[in-house]
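Please look over the sequence and the model below. The paragraphs that follow go through it part by part.

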Amino acid sequence: MKRLNNLYYSKRIKELLAELQKAGTTLVVAPMGYGKTLAVQYFLQEQERCGKKVLRQSIYGAGAEAFWQGVCHSWQNTELGAALLQQSLPADANAKTLVLELFRQLLPQEPVYWFIDDLHLLESSEAIDFLFALSKAGFADLHLLLVSRGQIFDGSRLLELGRKVFCLDKHDLALQRDELAEYSSRCGLQLTAQQLDALHEACEGWFSVTYLNFLNYDRYQRFCLDTGSVYEMIANVLLRPLPSEQQRLLLLMGQPEEFTPEQVAYAYGTSCRESVGRLLECNAFIIRLANGRLRCHHMLKQATRHAFGLLPEAEQQMYFRRLGQWYAQQKEYEEALDWLYRGRDFDGLLAAVQQLRDWSMHPQHRQHLFDWLCECPPEILWQYPQAVLIIMRRMFSLNMVPEMLQVKEWYVTALERNTALSQRERDNYYGELEVILSFLAFNSITGMSEHHRRAYKLLSGAPQTLSKQGIWTFGAPSVLGLYLRTGCSLRQTVEDMQECMPPYYLLSGWHGAGAAELTEAEALLLQGRIDEMDMPLQKAYYQAEKHGQECITICCDFLEMQRDLFRGVYSSKAEAYSRHQWQLQPWKQSMLLNSADMCAGFYYALLGKPEYIPSWLTDGNGQQPSVLYPARPCRNYISAQCLLAQGQYTELLVRWSDWEQECRPYSNFLCLLYLQVQRAAAFAGRGDVTSCRASLKQALAMAEADKLVLPLAQNIALLRPYLEQEAQGECSAAAAAALHLGQQMEAGQGQIMSARFAEAGLQELTEQELQIAQLAAARHTNREIAQRLSLSEGTIKQYLNKIFAKLQIDAAAKNKRHQLERFFSNS
């Protein structure tokens with residue numbers, strides 16, 4: 001009896017597969033048709049029989065978003081899966097650290113085998129980076145099984161993983177001559193030694209081609225050893241010999257990535273359960289998945305899709321339409337969209353869109369968003385204003401503003417033409433439109449507020465276009481960095497924020513709570529009114545924590561860190577931020593970790609401790625962690641301050657034009673001011689007096705009207721002599737205020753350096769260095785110390801230079817001995 005669809009695993013293959021239990025990560029890399037997936041599935045079925053937990057994920061597209069959706073789906077119904085749903089694919093070091101921490105904390109306390117198939121279809125470097133980081137982390141109970149036609153990790157990464165990775169390739173999977181003989185015997189074929197030799201030589205152990213030859217031999221008593229294309233071979237052996245109905249059914253099976261027998265029968269349009277069953281019984285290229293669905297092997301899929309494309313266009317559209325309708329009936333609306341569009345079923349397409357209020361959107365949908373509406377007949381479009389609204393909202397998030405404005409006109413027309421709407425429904429739709437249009441007014445507080453107020457009057461409930469969980473600050477640690485648009489407008493900006501935020505709180509459920517109070521506190525800090533900012537800052541803290549607005553709390557911390565520099569108080573929050581030991585739980589947005597890095601980096605830059613600055617803030621060639629586009633100007637001026645702390649003056653000047661340009665779209669005046677001050681400081685660091693004075697004059701002119709002296713004071717170390725000159729010029733008030741505030745900050749910095757770092761520095765001194773340091777702190781001269789210790793004055797000078805370096809006392813400072821004295825008094 002013939003058993004051609006029986007799977008065969010030789011003793012050698014089984015022994016190789018047993019090694020997968022010992023490996024943290026297994027890479028199975030071989031061309032198509034070598035049985036990679038089937039071999040791993042066989043191993044996993046054995047693990048499941050032993051009670052082990054198995055997760056399966058298949059790659060069906062090139063995009064990063066689809067990959068991450070698959071990751072979350074793989075871990076669904078677990079605590080880790082719930083946490084991963086709150087994240088996106090980690091695209092930077094902070095996000096990667098956060099997700100790895102989730103795995104560390106929330107992995108089930110049992111062995112888990114996670115199988116990811118067809119990685120060659122993935123074109124996301126972020127996804128591969130994530131899998132490498134997961135492999136490198138080497139969690140004891142997690143076994144990654146990664147399958148691909150091509151290389152997954154390059155040679156350097158494989159070397160770095162070392163024994164953490166186990167590799168199988170086509171030579172391991174190919175049938176050997178004796179295995180081919182055993183396989184043919186198990187299938188019930190009686191082949192001669194000559195036939196086996198010829199088949200093995202022609203197929204070279206290629207499993208799929210061997211199987212197709214077995215099928216052809218069973219039917220025609222001959223092999224297909226001279227076929228040029230495996231796809232042509234599949235068509236000749238598996239497709240063309242079938243009756244017409246079964247041919248159509250097999251073509252339909254090859255269209256979706258996964259399918260069910262019921263789905264194929266629905267798409268075909270008549271009862272054909274028996275025909276579907278016969279196809280599944282006699283075709284080993286159709287694979288049954290763990291979720292109960294089926295999938296065609298890629299070779300079969302490609303052959304059937306080619307044949308399907310030869311059908312008349314009207315027939316293709318009919319099948320596409322039915323597939324889309326099937327997905328919609330199953331409430332798989334995102335999956336339905338493309339099928340309905342390809343089937344020209346715009347009524348069904350827009351009805352499906354209306355079910356997607358929290359639509360995450362597949363990457364391929366971005367290409368079609370505008371096409372859907374352009375090609376939709378107007379009489380259908382007018383019946384679905386809610387769908388048009390949802391599409392328009394997605395267009396804004398994808399920065400498709402011109403298209404969005406055009407769709408706005410269609411949306412209004414749809415509302416006017418839809419006579420079935422009640423007045424309440426119509427008002428709600430117009431209210432949602434106002435919420436969306438408010439984003440186009442960013443960063444005009446009053447402009448946005450006008451839309452918010454109109455929306456509040458029109459809506460009968462909470463808007464669907466706003467989420468309290470969104471990051472109100474876009475990842476920036478400074479509210480005025482986002483919303484201060486021009487000079488001479490600081491007080492007006494504070495007043496506008498205080499007037500406009502309360503209506504927004506009512507509309508959004510307290511999204512951004514504390515922002516109004518925070519704006520006032522930041523304005524006072526920028527003017528150097530340090531003691532006056534405490535009350536509004538505490539109010540901002542209270543509102544943000546009461547309403548769960550972590551992004552506002554971070555902004556509060558950013559102000560507190562800068563304030564405490566003037567008071568000589570070391571910020572424990574900065575230390576916690578730099579180590580990511582802070583109040584955010586791991587399943588919150590990774591973008592806020594980048595905000596924390598910016599806070600800590602800016603603080604340590606001002607403190608003069610560049611070694612604590614996160615590297616990504618100054619690494620111009622590295623991968624930039626994500627902040628949303630409106631927050632980039634804030635990130636840029638923080639990076640500039642970090643470069644100044646590191647003495648990278650030229651690097652700052654090289655990047656300055658790009659940074660300045662990024663402040664223009666939203667008129668980020670405060671960020672422009674910072675960059676102008678930092679440019680002057682960089683020129684001062686390079687000794688370019690003329691350029692420094694020119695830039696400083698521009699900065700003083702920008703700061704003068706609103707007395708924004710903080711950026712100047714924070715760069716006092718480089719700008720002091722130039723500010724002293726400008727104190728006699730046109731902007732004398734701003735220059736004098738900056739000098740005064742800068743002296744306060746330097747005094748605070750000195751206290752922090754003495755109190756916080758004295759003990760650690762002193763512990764680094766040798767016994768001889770400690771004795772010399774104590775004598776120098778007691779104001780003994782070099783000659784007196786040399787005479788007492790029987791050393792030369794030159795040796796004492798060398799010792800003191802080492803001591804100053806270890807205690808991080810600026811070797812160019814005039815009061816080194818005074819700072820040394822403070823070290824000993826504080827320690």
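**Helices, cores and loops**

Just past the end of helix α35, G687 has a positive phi of about 80 degrees. The model is a predicted one, and this glycine is a convenient place to start. The helix before G687, α35, runs over residues 669-686 and holds 18 residues. From its first C-alpha to its last, α35 reaches 26 Å, close to the 26 Å expected at 1.5 Å a residue. Most of α35 is covered, with 15 of its 18 residues buried.

In soluble globular proteins, nonpolar side chains tend to be buried together. Here the largest nonpolar core has 120 residues, and the members that touch the most others are W472, Y483 and L723. Helix α35 gives the largest share of this core, 13 residues. Around W472, leaving aside residues up to four places away in sequence, the contacts are V479, Y483, M497, M501, Y504, H511, G512, A515, C551 and I552. A second core, separate from this one, has 92 residues, including C203, C224, W326 and F346.

One of those residues, W326, also belongs to a helix pair. Two packed helices are described by the angle between their axes and the distance between the axes. For α14 (residues 261-268) and α17 (residues 313-329), the axes come within 8 Å and cross at roughly 135 degrees. The two helices are therefore oblique to each other, and their crossing is right-handed. On the α14 side the contact is made by E262, Q263, Y266, A267 and Y268. On the α17 side it is made by Y319, R322, L323, Q325, W326, Y327 and Q329.

The loops hold some further backbone details. Between α24 (423-439) and α25 (445-458) lies a loop that contains N443. The peptide bond leading from F442 to N443 is cis, with omega near 0 degrees.

Which residues other than glycine have a positive phi? D118 is one, with phi near 65 degrees, and W510 is another, at about 70 degrees. D118 sits in the loop between β3 (112-117) and α6 (125-137), while W510 sits in the loop between α27 (490-508) and α28 (515-526). Are they buried or partly exposed? D118 counts as buried because its relative accessibility is 5%, under the 20% limit. W510 counts as partly exposed because its relative accessibility is 34%.

Definitions and conventions. Residues numbered from 1 in each chain as written. Heavy atoms only, no water. Helix = DSSP H or I, 4+ residues; strand = E, 2+ residues; numbered from the N terminus. Expected span 1.5 Å × (residues − 1). Buried < 20%, exposed > 50% of the residue type's maximum accessible area, 1.4 Å probe, protein only. Core = buried A, V, L, I, M, F, W, Y, C linked by side-chain atoms within 4.5 Å. Contact = heavy atoms within 4.5 Å. Axes fitted to C-alpha atoms, helices over the stretch in contact; angles between N-to-C directions. Parallel < 35°, antiparallel > 145°, perpendicular 65-115°, else oblique. Left-handed = near helix turned anticlockwise from the far one by under 90°.
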